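Visitor: I have the model open, and I'd like to go through its labels one by one. Can you tell me where each of them comes from?

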Amino acid sequence: MKTDIEIAQEAKLLPIKEVAKKLDITEDDLELYGKYKAKLTDELWEQTKNREDGKLILVTAINPTPAGEGKTTITVGLGQALGKMNKKSVIALREPSLGPCFGIKGGAAGGGNAQVVPMEDLNLHFTGDFHAITSANNLLAAMLDNHIQQGNALQIDTNQIIWKRCVDMNDRVLRNIVVGLGRKADGVVREDHFIITVASEIMAILCLAENMKDLKERLGRIIVAYNYDGQPVTAKELNAVGAMAALLKDAIKPNLIQTLENTPAIVHGGPFANIAHGCNSVRATKTALKLADYVVTEAGFGADLGAEKFFDIKCRMSGLKPDAVVIVATARALKYNGGVEKENLNEENIDAIKAGIVNLEKHIENVQKFGVPCVVTLNQFITDTDAELAYIKEFCESKGCEFALAKVWEKGGEGGIELAEKVIHTIENKKSNFTPLYDNKLSIKEKIETVAKEIYGASGVTYDTTASNAIKKLEELGFGSMPVCMAKNQYSLSDDATLLGRPENFTIHIREVYVSAGAGFVVAITGTVMTMPGLPKKPAAERVDVNEDGVITGLF
């Protein structure tokens, strides 16, 4: 059996100029990055912004398991299937982070015969967007420390610096560091921290900004520290906005590539859904809606994270209104949620599916709370039995959802036609009445508790004293009317990764709260979730290599 990278390297790619023609994009509206990658110009948006929007389809999933659900694979396969049905379609994805690519999760280009390509470029440096975000983040950090070194005119309290440096790599030893050691000329000694680039506020800002003007205004609102009077100090006050915007000048433009079947794919931005808002850029999605009749996008991890943030943050801020949601599951993952060990997932086990399907049930209920019709698709494996599939289909239909099997990993777009037909049928026959889960006028704690109880199923919420104090201060400073971005582990509906299925009678613990004023949301960190991951015992990086001809192996 061929690996994902072998399939991708054998693909017959069209020049990106030919792919662009499928969306009626001329060469003048492309900024080429070689033969197979391009950025879309600002002028293209100006030409298309008054067109009627296409239909927006969000792909989400149950909580991820070691069995693998294949959400991005389904997203790509659905886009390819719509193309095979002669529908004008485009896929809108996030860019992969180097952290999971070299860690344990792998890349984010899809899999099998449902991938976006060039796969190696996308998973590694791509068009340099993440490098630009990293540079802008660290420039702000450097200017902050330099301001303190050069006299500290803003009276920054070095014990209340909240801006962290970043790098797009899993590197646990950088979580807590000391800077400024050495001579007096080497800076002020203080504790500092690193986060992974995809958790940076600048990543969130890039993904939520409508244009350069909006980007600069958001950058200016970034709070880097508090002064001795407890008042926020911003990037604008450090005179850092212009230089950061200059570094992000090209990164703000969406990227165009293609799938294995030459379906256009707009790939832009990449915030993690467990520690950030988990959606591709507003600009990419809005552009896609002007260029195609059907736009297939995805949000990270399960619907408790990516989909909730897609609805409550991205759609709320941008005015986007999804027409349908696809929830991805596998029989294997349902059995895992029902207590079956990974090595036994190939065996038929209806009882385990009955026990584990409660996880899918909760995600269906959650999507329906936002007023958007949903389709459940089962990413089919060869070991799935007819009895298992029949039970899952009957269960989903009893919950008011359309149901479709998907074989896109094996068959590409052809294997997604049943799903595409069900999605189109749903859009045409069920009206979306999208509405966010909560009103922004609620207090920060009320919003946190609404998500915890309504989406996670928690019985209540507890707070560290420091978190409660932070919430009180943020509301006093006028940030109480922002949506909340919940940072939570992805494996469980709870903040305990070991609680599978649909846990009950648990509390969500909030250990830290801070504002991302430029992005426009308040972040609540739950449980033990980290904003700088570490590498596993056997990192994926050990398998990656490149031969003398420049051919990369080992990526997945």
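Guide: Happy to. Let's start with a term for strands: two of them pair if DSSP finds at least two bridges between them. With that in hand, Leu-378 stands opposite Leu-405 in strand 19. Keep in mind that this is a predicted model.

Visitor: What makes strand 18 and strand 19 a pair, then?

Guide: Five bridges join strand 18 to strand 19 (residues 402-406), and at least two are needed. The two strands run parallel.

Visitor: And how many bridges join strand 17 to strand 18?

Guide: Five bridges join strand 17 (residues 324-329) to strand 18, and these strands run parallel. One of the contacts to look up is Val-326, whose bridge partner in strand 18 is Val-375.

Visitor: Why is strand 18 called largely enclosed?

Guide: Because six of the six residues of strand 18 (residues 374-379) are buried, it is largely enclosed by the rest of the structure. In a regular strand the side chains alternate between the two faces of the sheet. Here Cys-374, Val-376 and Leu-378 are buried on one side, and Val-375, Thr-377 and Asn-379 are buried on the other, which leaves both faces covered.

Visitor: Which elements make the right-handed β-α-β unit?

Guide: Strand 18, helix 15 (residues 386-398) and strand 19. The handedness is read with the strands pointing away from you: the path from the first strand over the helix to the second runs clockwise.

Visitor: Is helix 11 largely enclosed or largely open, and how do you know that?

Guide: Largely enclosed by the rest of the structure, because ten of the ten residues of helix 11 (residues 282-291) are buried. The buried residues of helix 11 include Arg-283, Lys-286 and Lys-290, along with Val-282 and Leu-289.

Visitor: What about the nonpolar cores? Which residues have the most contacts inside the largest one?

Guide: Ile-448 and Ile-510, in a core of 84 residues. Leaving aside neighbours within four places in sequence, Ile-510 is in contact with Ile-448, Val-461, Tyr-463, Met-486 and Ile-525, among others. Apart from this core lies another, of 54 residues, among them Ile-148, Val-179, Leu-206 and Ile-275. As a general point, in soluble globular proteins nonpolar side chains tend to be buried together.

Visitor: Why is the pair of Phe-311 and Phe-370 called tilted?

Guide: The rule gives four aromatic pairs here. In this one, Phe-311 and Phe-370 sit 4.4 Å centre to centre, with 35° between the planes. Centres have to lie within 6.5 Å, and planes under 30 degrees apart would be stacked while those over 60 would be edge-to-face, so 35° comes out as tilted. The pair links distant parts of the chain: Phe-311 is in helix 12 (residues 303-318) and Phe-370 in the loop between helix 14 (350-369) and strand 18, 59 residues apart.

Visitor: Are those two rings' residues buried or exposed?

Guide: Buried means under 20% relative accessible area. Phe-311 is at 0%, so it counts as buried, and Phe-370 is buried too, at 2%. Both belong to one aromatic cluster with Phe-310 and Phe-434.

Visitor: How do you know that Arg-190 is buried?

Guide: Its relative accessible area is 8%, so Arg-190 falls under the 20% limit. Arg-190 is found in strand 10 (residues 190-192), and its side chain makes a polar contact with the side chain of Asp-145 at 2.9 Å, where the limit is 3.5 Å.

Visitor: What is special to check in the loop between helix 7 and strand 7?

Guide: Gln-155 is in that loop. Phi of Gln-155 is near 55°, a positive value in a residue other than glycine. Gln-155 is partly exposed, because its relative accessible area of 43% lies between the 20% and 50% limits. Asn-152 is found in the loop between helix 7 (129-149) and strand 7 (156-161) as well, and at 10% Asn-152 counts as buried. A polar atom of the Asn-152 side chain lies 2.8 Å from the backbone nitrogen of Ile-156.

Visitor: And what makes Asn-505 exposed?

Guide: Its relative accessible area is 72%, and exposed means over 50%, so the label fits Asn-505. Phi of Asn-505 is near 55°.

Conventions. Residues numbered from 1 in each chain as written. Predicted model: local features only at pLDDT ≥ 70, side-chain atom pairs only at ≥ 80, totals over all residues. Heavy atoms only, no water. Buried < 20%, exposed > 50% of the residue type's maximum accessible area, 1.4 Å probe, protein only. Helix = DSSP H or I, 4+ residues; strand = E, 2+ residues; numbered from the N terminus. Core = buried A, V, L, I, M, F, W, Y, C linked by side-chain atoms within 4.5 Å. Contact = heavy atoms within 4.5 Å. Polar contact = N/O pair within 3.5 Å; in protein donor to acceptor, adjacent residues only side chain to side chain. Phe/Tyr/Trp six-rings, centres within 6.5 Å; stacked < 30°, edge-to-face > 60°.
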